Amino acid sequence: MKTCLVVDDSKVIRKVARHILETLDFTVSEACDGREALQACMASMPDVILLDWNMPVMSGMDFLRALREADVPRRAKVVFCTTENGMAYIRAAIEAGADEYVMKPFDRETLESKLQIVGMA
Ligand SMILES: [Mg+2]
């Protein structure tokens, strides 16, 4: 089974994402900020990470940079979630190592199509 780590400080978003991902046959785990997510990845790297941008403690961008600098055996796909649709944000995230992005609020079809793009659905 494919694994997905949902990283978001919103419990509601995590719950919605989990529900969608489980219908797509993912085994889902959750983290509520970047630091928690980094610890989870070091313990067990998921296949794909759904990553929020704005979070307390450690932002999605800081997490992404740390993840891409970390010495890990395999590279997780990262789909970052944003309410910002500015190209500057998207470009910065791609440069930092994101594979795709999805706008909030997302639905099942949108998320599935993004996961297909990164080869995960
Ligand atoms: Mg947030």
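**Exercise 1.** In which loop does Val-57 lie? Determine also the sign of its phi and its exposure class in this predicted model.

*Solution.* Step 1: locate the residue. Val-57 is placed in the loop between strand 3 and helix 3. Step 2: read the backbone. The phi of Val-57 is positive, about 70 degrees, although the residue is not a glycine. Step 3: classify the exposure. A residue is partly exposed when its count of other C-beta atoms within 10 Å falls between the limits of 12 or fewer (exposed) and 20 or more (buried). Val-57 has 13 C-beta neighbours inside 10 Å and therefore counts as partly exposed.

**Exercise 2.** Repeat the analysis for Asp-25: where is the residue found, and is it buried or exposed?

*Solution.* Step 1: Asp-25 belongs to the loop between helix 1 and strand 2. Step 2: its phi is near 70 degrees, again a positive value in a residue other than glycine. Step 3: because 9 other C-beta atoms lie within 10 Å, Asp-25 is exposed.

**Exercise 3.** Which residues of helix 3 are buried, and why do they line one face of the helix?

*Solution.* Step 1: list the residues. Helix 3 spans residues 60–69, and its buried members are Gly-60, Met-61, Phe-63, Leu-64 and Leu-67. Step 2: view the helix down its axis. These buried residues fall within an arc of 160 degrees, so they line one face of helix 3. Step 3: recall the geometry. An α-helix has 3.6 residues a turn, so residues three or four places apart point the same way. Step 4: identify the packing partners. The buried residues of helix 3 pack against strand 1 (2–7), helix 2 (34–43), strand 3 (48–52), strand 4 (77–82) and helix 4 (87–95).

**Exercise 4.** Describe the surroundings of Asp-52, the position that UniProt lists for a modified residue.

*Solution.* Step 1: consult the record. An unreviewed UniProt entry lists Asp-52 under "modified residue: 4-aspartylphosphate". Step 2: place the residue. Asp-52 is found in strand 3. Step 3: apply the neighbour count. Asp-52 has 26 C-beta neighbours inside 10 Å and so counts as buried. Step 4: name its contacts. Leaving out residues up to four places away in sequence, Asp-52 touches Val-7, Asp-8, Asp-9, Gly-60 and Cys-81. Gly-60 is one of the buried residues of helix 3.

**Exercise 5.** How do strand 1 and strand 2 run, and what is the handedness of the crossover between them?

*Solution.* Step 1: establish the pairing. Strand 1 and strand 2 (residues 26–31) run parallel and are joined by 6 bridges. Step 2: give a bridge partner. Lys-2 has Phe-26 in strand 2 as its partner. Step 3: follow the chain. From strand 1 the path passes through helix 1 (residues 11–23) to strand 2, forming a right-handed β-α-β crossover. Step 4: examine a residue of strand 2. Glu-30 is located in strand 2, and its C-alpha atom is separated by 4.7 Å from that of Val-6, 24 residues apart along the chain. Glu-30 counts as partly exposed because it has 18 C-beta neighbours inside 10 Å. With residues up to four places away in sequence set aside, Glu-30 touches Val-6, Arg-14 and Arg-18.

**Exercise 6.** Which residues touch the most other members of the largest nonpolar core?

*Solution.* Step 1: inspect the core. It holds 30 residues, and Val-7, Leu-50 and Leu-51 touch the most other members. Step 2: trace the contributors. Strand 1, helix 1, strand 2, helix 2, strand 3, helix 3, strand 4 and helix 5 each supply at least two residues. Step 3: relate the core to the sheet. Strand 1 and strand 3 pair in the parallel sense over 4 bridges, and Val-7 stands opposite Leu-51 in strand 3. Step 4: list the contacts of Leu-50. Apart from residues up to four places away in sequence, Leu-50 touches Cys-4, Val-6, Val-7, Ala-17, Val-79 and Cys-81.

**Exercise 7.** Where is the cis peptide bond to Pro-105 placed in the chain?

*Solution.* Step 1: identify the bond. A cis peptide bond joins Lys-104 and Pro-105, with omega about -5 degrees. Step 2: locate it. Pro-105 is found in the loop between strand 5 (100–103) and helix 5 (108–117).

How values were computed:
Residues numbered from 1 in each chain as written. Predicted model: local features only at pLDDT ≥ 70, side-chain atom pairs only at ≥ 80, totals over all residues. Arc of directions from axis to C-beta. Contact = placed C-beta atoms within 7 Å. UniProt positions renumbered as here; feature names shortened; annotations may be inferred. Pairing = 2+ DSSP bridges. Right-handed = clockwise from strand over helix to strand, strands pointing away. Core = buried A, V, L, I, M, F, W, Y, C linked by C-beta atoms within 7 Å.
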